[in-house]
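Here are some exercises to work through with the model open beside you. Try each task before you read its solution.

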Amino acid sequence: MIDKVIILSAGQGSRLLPLTAERPKCLIDFSGKSLIAWQIEILAARGVTDFHVVTGFMTDMVEAELEQLKPSGTNITVHFNPFYKVADNLGSCWIVRDEMDGDFMILNGDTLISPEIIETVQNSDSWPITVTVDIKDQYDSDDMKVSLDGDRLISIGKTLAAEKSNAESIGFLAFRREGGALFREKVREFMRTPAGVENWYLKIIDELAPSGKVGTISIQGYDWAEVDFLNDVETATALTDQWLDKAL
C-alpha cells in the first residue's frame, strides 16, 4: 500500500477561462466540492495519508481550501512553485523532489479518478514505475499517447504518431522500489539543462522507458475525467454527480 501522493496543482488552467480568471483550476466546483477536495477525499478513503500538493497560481486560495479539508489521520503539506508561470509541470516536480523517496504516487491536478482506479494502482506492483493508462478506439492531438509492448511502456508523448499509439496516460503514476530514485535523478538532470523548465514531467518517463523499468496498468472501463477545456467541466460534473449518488 502506497500512502504518499504528490498532486501537481500549480497551474491556472488558462484554457478554462473565464472560469479560472480568479481561481485556479483545482478549485473549480464539481457537485459542491472543489476538484482538489474530490481528489484528496477519494485518495484518503483508499489508504493515502501523506499528501504533498504543489501550488502556484493563487496559492493562498488553494492553501485555504486545503486547511478546510485534512481528512482524519492525514497530513497535507503545501509546496509553492514560484516559477509556475514560466515552467511546465517538470518545474513542479523539481520543487517537490525531496519528497520523492520510498514509494509514492503522482497525480495531475486536473484529473478526477474513481476509487476503483486507486485500488487497481495500489494492487499493482510489477514495475518500479507504473503509468496508469486507458484504452480508446482513437486518440486526438491533446491526448498523452502511449506506445506499449504488452504492459511495458515503449514511449509516451502528445506527438506520438497515431499508428504507434495504443493507450492514453490519465496522469496518475506510481513509483516503487528504485523507481522513485530513477525519476528524481532524471528530474535533476533535466532541470540542469537550458530547456528543462519547458518540459512535461512525462518527458522523463519517455526517457526512462528504454531502461525496462516503466510499465503500465490499464484502467479501461473505470471512471475518470481530465479537466482541460470548458466542455470537460460538464462531463466531469456528470461524473461527480454519480459519485455523490453512490456516496463515495
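## Exercise 1: A helix pair

The crossing of α1 and α2 is right-handed. Keep in mind that this is a predicted model.

**Task.** Describe how the axes of helix α1 and helix α2 cross, and find which residues meet.

**Solution.** Two packed helices are described by the angle between their axes and the distance between the axes.

- Step 1: Locate the helices. Helix α1 covers residues 35–45 and helix α2 covers residues 59–69.
- Step 2: Take the geometry. The two axes come within 10 Å and cross at roughly 35°.
- Step 3: List the residues on each side. From α1 come Ile-36, Ala-37, Ile-40 and Glu-41, and they meet Glu-65, Leu-66 and Leu-69 of α2.
- Step 4: Sort them by class. The contact of α1 with α2 has 5 nonpolar and 2 charged residues, and no polar ones.

## Exercise 2: The surroundings of α1

**Task.** Decide whether α1 is mostly covered or mostly open, and name its buried residues.

**Solution.**

- Step 1: Count. In α1, 8 of the 11 residues are buried, so the helix is mostly covered, where buried means under 20% relative accessible area.
- Step 2: Name them. The buried residues in α1 are Leu-35, Ile-36, Ala-37, Trp-38, Gln-39, Ile-40, Ile-42 and Leu-43.
- Step 3: Look just past the helix. Gly-47, just after α1, takes a positive phi of about 100°.

## Exercise 3: The nonpolar cores

**Task.** Find which residues touch the most other members of the largest nonpolar core, then see what surrounds Met-105.

**Solution.**

- Step 1: Start with the core itself. It has 39 residues, and those that touch the most other members are Val-5, Phe-30, Leu-43, Phe-51, Met-105, Ile-113 and Phe-172.
- Step 2: Ask which element gives the largest share of this core. That is α1, with 6 residues.
- Step 3: Turn to Met-105. Leaving aside neighbours within four places in sequence, Met-105 is in contact with Ile-2, Lys-4, Val-5, Ile-6, Val-48, Val-121, Gln-122, Phe-172, Leu-173 and Ala-174.
- Step 4: Add the second core. This separate core of 31 residues includes Leu-8, Val-131, Leu-208 and Ala-209.

## Exercise 4: Thr-120 and its helix

**Task.** Work out whether Thr-120 is buried or exposed, and what it touches.

**Solution.**

- Step 1: Place the residue. Thr-120 sits in helix α4, residues 115–122.
- Step 2: Check the helix. Because 6 of the 8 residues of α4 are buried, this helix is largely enclosed by the rest of the structure. Those residues are Pro-115, Ile-117, Ile-118, Thr-120, Val-121 and Gln-122.
- Step 3: Check the residue. Thr-120 counts as buried because its relative accessibility is 18%, and the cut-off is under 20%.
- Step 4: Look for partners. Not counting residues up to four places away in sequence, Thr-120 touches Ile-217, Ser-218, Ile-219 and Tyr-222. Thr-120 and Ser-218 are 98 residues apart along the chain, with their C-alpha atoms separated by 8.6 Å.
- Step 5: Follow the side chain. The side chain of Thr-120 reaches the backbone oxygen of Glu-116 at 2.8 Å.

## Exercise 5: His-52 and Trp-200

**Task.** Assign His-52 and Trp-200 to buried, partly exposed or exposed, and list their contacts.

**Solution.**

- Step 1: His-52 belongs to strand β4, residues 50–55. At 3% relative accessibility, His-52 counts as buried.
- Step 2: Beyond four places in sequence, His-52 touches Lys-4, Val-5, Ile-6, Ile-7, Thr-77, His-79, Val-96 and Glu-99.
- Step 3: Trp-200 is in the loop between α5 (179–191) and α6 (202–208). With 36% relative accessibility, Trp-200 counts as partly exposed.
- Step 4: Leaving aside neighbours within four places, Trp-200 is in contact with Asp-88, Asn-89, Leu-90, Met-144 and Lys-158.

## Exercise 6: Positive phi in two loops

**Task.** Where do Ser-31 and Lys-70 lie?

**Solution.**

- Step 1: Ser-31 is in the loop between β2 (29–30) and β3 (33–34). Its phi is positive, about 55°, although Ser-31 is not a glycine.
- Step 2: Lys-70 lies in the loop between α2 and β5 (75–80). Lys-70, again not a glycine, has a positive phi of about 45°.
- Step 3: Lys-70 is partly exposed, with a relative accessible area of 41%.

Methods:
Residues are numbered from 1 along each chain as its sequence is written. This is a predicted model: local features need pLDDT of at least 70, side-chain atom pairs count only at pLDDT 80 or more; totals for chains, interfaces and linings use all residues. Side-chain values use heavy atoms; hydrogens and water are left out. Axes are lines fitted to C-alpha atoms, for helices over the stretch in contact, and angles run from 0 to 180 degrees between N-to-C directions. Helices (H or I, at least four residues) and strands (E, at least two) are DSSP runs, numbered from the N terminus. A crossing is left-handed if the near helix is turned anticlockwise from the far one by less than a right angle, and right-handed if clockwise. Contact means heavy atoms within 4.5 Å. Ala, Val, Leu, Ile, Met, Phe, Trp, Tyr, Cys and Pro count as nonpolar, Asp, Glu, Lys and Arg as charged, and the others, Gly among them, as polar. A nonpolar core is a set of buried Ala, Val, Leu, Ile, Met, Phe, Trp, Tyr and Cys residues joined through side-chain atoms within 4.5 Å. Buried means under 20% relative accessible area, exposed over 50%, partly exposed in between (1.4 Å probe, protein chains only). A polar contact is a pair of N or O atoms within 3.5 Å; within protein, one must be able to donate a hydrogen and the other to accept it, and residues adjacent in sequence count only if both atoms are side-chain atoms.
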